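Let's walk through a model together, one feature at a time. Have the sequence and the structure open, and we will begin with strand pairing.

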Amino acid sequence: GDGPGTTPGGKDDTVTPLESPAIQIVKSSTLPTPPIVAGTSKITYTFVVKNIGDVQLTNVQVLDAKLGLTASNQPTWKASSATMGSATGTLAVGESATYTADYTITAADITAKKVTNTASANGTSPSGQKPTDTSDSGNTTPGNDPSGDGPGTTPGGKDETVTPLENPAIQIVESRILQKAPILAGSSQITYEYKVTNIGNV
């Protein structure tokens, strides 16, 4: 208790903590239900964060610029989602926890027909190390696994989470062509025409 490097006084061993802290984040999204309306429709993102190191992590954070997630504005922690019972912000070795956040779709997103982005996660080890990880996509829809390592796989390629925005819509217009007179029961005919148009974005 004499402080570091004090002489005379107690002779304390030099202790070097051997830690290998590591964290993993997988980001998935729920497809919005058509019709998709700018400024109203939302994508719900799910973040599964796991401690894959050998020491407990505290002050666990999820960051995502597109969703406005910062150190002071964290996603919603799903109550009791921690697989070993830890409180929000703490992960024991091998433990995972789940968070969610919503994103409001813009007109530009609809024009692009998709929303693409990534998140990151970090935590603090007992010695003060701060492991971080960029999210891999947990989606299975096309475009989510260009690295070819499968959804949510770490280590491996870090694939952006791609949420396709499909607004399928169809229109049908019916027109009728009447047969010229005389119109006779049992022999005269009406010709119907149907014009079908894809008015959606896919």
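**Reading the sheet, the backbone and a ring**

V62 stands opposite A121 in strand 7. This is a predicted model, and that pair of residues is a good place to start.

Q: Which strands pair around this spot, in what sense, and over how many bridges?

A: Strand 3 and strand 7 (residues 120-124) run antiparallel, joined over four bridges.

Q: What is the order of the strands in the sheet, and is the sheet open or closed?

A: The sheet is open, with three strands in the order 3-7-8 and antiparallel pairing. Its edge strands are strand 3 and strand 8 (132-134), each of which pairs on one side only. Neighbouring strands here are turned by 10° against each other on average, direction ignored.

Q: How confident is the predictor, and which elements have the lowest and the highest mean pLDDT?

A: Begin with the overall value: the protein averages a pLDDT of 88, and 92% of the residues score at least 70. Among the elements, strand 3 has the highest mean, 98, while strand 11 (residues 170-178) has the lowest, 85.

Q: Now the backbone. Where is N59, and what is the sign of its phi?

A: N59 is in strand 3 (residues 58-63). Its phi is near 50°, a positive value in a residue other than glycine.

Q: Why does N59 count as partly exposed?

A: The class covers relative accessibility between the 20% and 50% cut-offs. N59 is partly exposed because its relative accessibility is 43%.

Q: What about K113: where does it lie, and what is its phi?

A: K113 is found in the loop between helix 1 (107-112) and strand 6 (114-117). K113 is not a glycine, yet its phi is positive, about 65°. Its relative accessibility is 43%, so K113 counts as partly exposed.

Q: Which peptide bond should I look at for omega, cis or trans?

A: Look at the bond from P34 to P35: it is cis, with omega near 0°. P35 lies in the loop that runs between strand 1 (23-30) and strand 2 (42-51).

Q: Last, the rings. How many aromatic pairs are there?

A: The count of aromatic pairs is zero, by a rule that asks for ring centres within 6.5 Å.

Q: And which charged end sits over a ring?

A: Go to Y45: the charged end of K27 sits over its ring, 4.4 Å from the ring centre.

Key: Residues numbered from 1 in each chain as written. Predicted model: local features only at pLDDT ≥ 70, side-chain atom pairs only at ≥ 80, totals over all residues. Heavy atoms only, no water. Phe/Tyr/Trp six-rings, centres within 6.5 Å; stacked < 30°, edge-to-face > 60°. Lys NZ or Arg CZ within 6 Å of the ring centre and 35° of its normal. Helix = DSSP H or I, 4+ residues; strand = E, 2+ residues; numbered from the N terminus. Buried < 20%, exposed > 50% of the residue type's maximum accessible area, 1.4 Å probe, protein only. Pairing = 2+ DSSP bridges. Axes fitted to C-alpha atoms, helices over the stretch in contact; angles between N-to-C directions. pLDDT = per-residue confidence, 0-100.
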